[in-house]
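Work through the exercises below with the model open beside you. Try each task before you read its solution.

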Amino acid sequence: DDGADRYIRFRPQGVWETIAYYRARDPDRYLAPGALAGKIVLVGLALDASPDVGAQATDLIRVPLYVEDSGVRPGVLVQADALSTALGDGGPIRAAWWADLFWLALGIGASVLATREAARRPRRAALIAGAGLAVLAAGPAAAFAAGTVTPAAPAIAGLAAAGAVQLGLTGAVAYRQRRRLAEGFSRYVSPEIMRQLLSSPTPPELGGVARDLSVVITDLADFTTFMEAAGAEKGAALLRAYLDRLAGVVLAHGGMIDQFIGDSIVALFNAPLEQDDHAARALRCARALAEAGAAFAAEARAQGVAFGITRVGAHTGVAVIGNFGSSKRFHYTAMGDVVNAAARLEAKCKDMGVSILVSADLVAAAGAPSGFVALGDVSVKGKVEAIPVLSVDPH
């Protein structure tokens, strides 16, 4: 007894010499002279199985897995390990109380840090929890290799549980936020684009990228007069229904609704995801918007409401798309002459007496489909050069 709180030092397999019991009963016949001289002999059952003894009498003792792969060892061998330790073989020493307190404090500290960072920086929280678990596992392992036992299981269990719970909650919150964001954003883009955005490993490029873009802009004629005649409540309800129908047309053609400006819709094609056929989509969408607007106006007039004509302008060209605005509030939109030209084409519809004007560039980029009538060069205010335009569905 050296006064130390020692653990049993388990020895590897094969260290202890074993002699079959029948040989010890007849040493003159089966043992060499002096085979047991100067040795301590332990007598016990060391058979994994015996036809004469039941399984409960085989005297198997549970031991750490690093001692026996099966997790059990014959009791007589465990007694040999204990006796060897007691006789001075040097088993591991129990660490002082402050060592246990150190690992516990480390686990609590890592848990607190990981919990604080989980909501804002989940990656950093995961790194903190992982680093804490690694230290809590490596430290006691190194101490054990040096002959000292300092259990860190409670700290490891606490940190793992806290990290799992907090990161799980963070993941659940992030999933709900992702769902809400997807539901909100799906009102501006088609379901196909929404699926691509959600499944893409990288988000669309934001912050100013030059790209070919097709732009479609609508406007409702005599909107102010209509609102004054219909009244605020009825006018707002009709306008909401009108914009719902036109927005559905844009989304059905794979466009992104950039913004609503009063009774107008600005739709982008080839953003935020690239579309090889964006010009053809925009051209079909422009025609469908004019038709949908005419159908809605006819339905409103049938109810005795003087609803205006929907005018549509569309153009294609290079624009800069990305986040624009202030550092605290930004808007994903497109900027460039292609947007201005589409707006001016829409405004020119009134002067030309038509409901839709699209540029020849857009028709050519769409593969020059039939059904459009060339009007020749039309001067658009604010442009140095005249823009060739085509028209359909004159009113």
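Helices (H or I, at least four residues) and strands (E, at least two) are DSSP runs, numbered from the N terminus. The model is predicted: local features need pLDDT of at least 70, side-chain atom pairs count only at pLDDT 80 or more, and totals for chains, interfaces and linings use all residues. Residues are numbered from 1 along each chain as its sequence is written, and side-chain values use heavy atoms, with hydrogens and water left out.

**Exercise 1. Place His331 and list its contacts.**

Step 1: His331 sits in strand 9, residues 330-335.
Step 2: Its relative accessible area is 34%. Buried means under 20%, exposed over 50%, and partly exposed in between, with a 1.4 Å probe and protein chains only. His331 is therefore partly exposed.
Step 3: Contact means heavy atoms within 4.5 Å. Neighbours within four places in sequence aside, His331 touches Asp258, Gln259, Gly322, Asn323 and Phe324.
Step 4: Take Asp258. It lies 73 residues from His331 in sequence, yet the C-alpha to C-alpha distance is 8.9 Å.

**Exercise 2. Compare two neighbours in helix 3: is each one buried or partly exposed?**

Step 1: Asp81 is found in helix 3, and so is Ala82.
Step 2: Asp81 has a relative accessible area of 0%, so Asp81 is buried. Ala82 has 26%, so Ala82 is partly exposed.
Step 3: Look for partners of Asp81. Leaving aside neighbours within four places in sequence, Asp81 is in contact with Ile8, Arg9, Phe10, Arg11, Trp16 and Arg73.
Step 4: Focus on Arg11. The side chain of Asp81 reaches the backbone nitrogen of Arg11 at 3.3 Å.
Step 5: Ala82 and Arg11 are 9.8 Å apart, C-alpha to C-alpha, and 71 residues apart in sequence.

**Exercise 3. Describe the lining of the largest pocket.**

Step 1: Fix the term. On a 1 Å grid over the protein atoms alone, a pocket is an open set of points with protein on both sides within 12 Å along at least five of seven lines, where a 1.4 Å probe fits; lining residues have an atom within 4 Å of a point.
Step 2: The volume is about 790 Å³. Here a volume is the space filled by probe spheres set on the points, which are joined across faces, edges and corners.
Step 3: There are 23 lining residues, and Glu17, Thr18, Ile19, Val41 and Leu42 are the closest to the centre.
Step 4: Helix 1 (21-25) and helix 3 (75-89) each supply at least two lining residues. Helix 3 gives the most, with six.
Step 5: Sort the lining by class. Ala, Val, Leu, Ile, Met, Phe, Trp, Tyr, Cys and Pro count as nonpolar, Asp, Glu, Lys and Arg as charged, and the others, Gly among them, as polar. The lining has 18 nonpolar, three polar and two charged residues.

**Exercise 4. Check the backbone angles in two loops.**

Step 1: Start between strand 7 (264-269) and helix 10 (278-302), the loop that holds Pro272. A cis peptide bond joins Ala271 and Pro272, with omega about 0 degrees.
Step 2: Asn270 is in the loop between strand 7 and helix 10 too. Its phi is positive, near 85 degrees, although Asn270 is not glycine. Asn270 is buried, because its relative accessible area is 6%.
Step 3: Move to the loop between strand 5 (209-220) and helix 8 (223-230), where Asp222 is found. Asp222 is not a glycine either, and has a positive phi of about 55 degrees. Asp222 counts as exposed, because its relative accessibility is 58%.

Definitions and conventions: Polar contact = N/O pair within 3.5 Å; in protein donor to acceptor, adjacent residues only side chain to side chain.
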